[in-house]
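Trainee: Before I rely on the labels attached to this chain, I would like to hear the reasoning behind a few of them.

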Amino acid sequence: MKIFVAGATGVLGRPTVQALVTAGHEVRGAARGEDKAALLRSLGADPLTVDLFGPASVREALSGCEAVVNLATKIPPLMQMRRKSAWAENDRLRSDASRVLADAAKEAGAGVYVQESITFIYADGGDAWLTEDSPLDVSWISLQSMLNAERVTREFAGEGRRGVNLRFGAFYAPYAQSTLDTVRLARRRLFPVPGRGGTYFSSIHVDDAAAAVLAALSLESGEYNVVDDEPLTQRQYADAATEALGAARARGIPVWLFKLLGGPPTSYILRSQRVSNARFKGATGWSPAYPSAREGWRQVADQLNGP
């Protein structure tokens with residue numbers, strides 16, 4: 001299958017391109033600059049310079065493609081997340097570039113469009129399992145832009161076309177900048193646990209997320225949660241990370257202080273989200289190599305510590 005990947009050089013894009021190429025697909029990927037183009041070539045993909053906001057540029061890139069995978073994001077660094085302006089480009093990618101990509105995919109005759117989404121759009125579920133039909137809460141603007149992208153995917157579907165929204169849990173991997181930031185904080189005992197840490201936090205190792213994108217190419221239209229098998233509480237997640245790293249146990253801090261330090265994004269981090277992956281596993285047969293963050297963070301630590 002001929003596949004175009006937007007966000008091909010990002011944290012999820014790189015292992016996804018590798019998984020698609022290994023599976024025998026012909027992959028084109030958006031790349032800015034020669035360094036990123038060289039990276040895609042090393043993975044076996046064809047790099048293209050594409051303006052994701054320019055319809056003509058995107059139409060040219062997607063010509064002849066049978067599938068389009070939109071993984072384009074611009075998540076700000078951890079220390080800048082509290083600034084509203086830091087999310088502007090990410091929101092524009094979700095609200096505007098997704099529309100350009102989906103329209104071009106239709107024109108190219110692509111049969112499937114896969115959109116990266118997030119589980120943070122779910123409302124607080126307490127201890128209950130959350131499914132794709134659970135209530136949403138997108139009061140924060142950057143969550144609203146995610147719904148805009150999902151809407152575009154649903155509108156792509158029909159007339160023989162399939163639109164798939166993959167709602168991923170929180171990413172972590174030894175090559176993810178957010179994980180490296182967490183490691184630095186954990187080793188300084190500055191990785192905070194909000195309150196008593198009893199709320200659930202659903203995550204997914206990026207390698208497992210990439211395998212999920214490959215599996216999603218055969219899915220029927222709809223929304224699918226992509227998380228590991230065992231969502232942990234905030235305290236359990238922090239303990240999994242610090243124990244794997246050999247760092248001191250993370251301190252708990254008052255919720256009000258956590259909100260003050262983190263700004264608006266903490267509104268979704270504080271929600272209890274015990275997300276189920278049952279629909280996706282049942283439809284694809286996919287299963288995470290790292291069933292919980294306990295196993296995943298041990299792999300992260302092993303990779304960072306070296307042989």
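Mentor: What follows takes some labels in turn and sets each against its cut-off, bearing in mind that this is a predicted model.

Trainee: Why is S134 called buried?

Mentor: S134 has 14% relative accessibility, and buried means under 20%, so S134 counts as buried. This residue is found in the loop between β6 (129-130) and α5 (141-156).

Trainee: What makes the pair formed by the side chain of S134 and the backbone nitrogen of T131 a polar contact?

Mentor: A polar atom of the S134 side chain lies 2.9 Å from the backbone nitrogen of T131, and because the limit for such a pair of N or O atoms is 3.5 Å, the distance falls within the limit. Beyond four places in sequence, S134 also touches Y122 and W129.

Trainee: Which residues does V138, in that loop between β6 and α5, contact beyond four places in sequence?

Mentor: V138 is in contact with I121, L143, Q144 and L147, where contact means heavy atoms within 4.5 Å. The C-alpha atoms of V138 and F120, which are 18 residues apart along the chain, are separated by 8.6 Å.

Trainee: How do you know that strands β7 and β12 pair?

Mentor: Pairing requires at least two bridges, and 5 bridges join β7 (residues 162-168) to β12, the two running parallel, so they pair. Within this pairing, R167 stands opposite N225 in β12.

Trainee: What makes β12 covered on both faces?

Mentor: In a regular strand the side chains alternate between the two faces of the sheet. On one side of β12, G222, Y224 and V226 are buried, and on the other E223 and N225 are buried as well, which accounts for 5 of the 5 residues in the strand (residues 222-226).

Note on methods. Residues are numbered from 1 along each chain as its sequence is written. This is a predicted model: local features need pLDDT of at least 70, side-chain atom pairs count only at pLDDT 80 or more; totals for chains, interfaces and linings use all residues. Side-chain values use heavy atoms; hydrogens and water are left out. Helices (H or I, at least four residues) and strands (E, at least two) are DSSP runs, numbered from the N terminus. Buried means under 20% relative accessible area, exposed over 50%, partly exposed in between (1.4 Å probe, protein chains only). A polar contact is a pair of N or O atoms within 3.5 Å; within protein, one must be able to donate a hydrogen and the other to accept it, and residues adjacent in sequence count only if both atoms are side-chain atoms.
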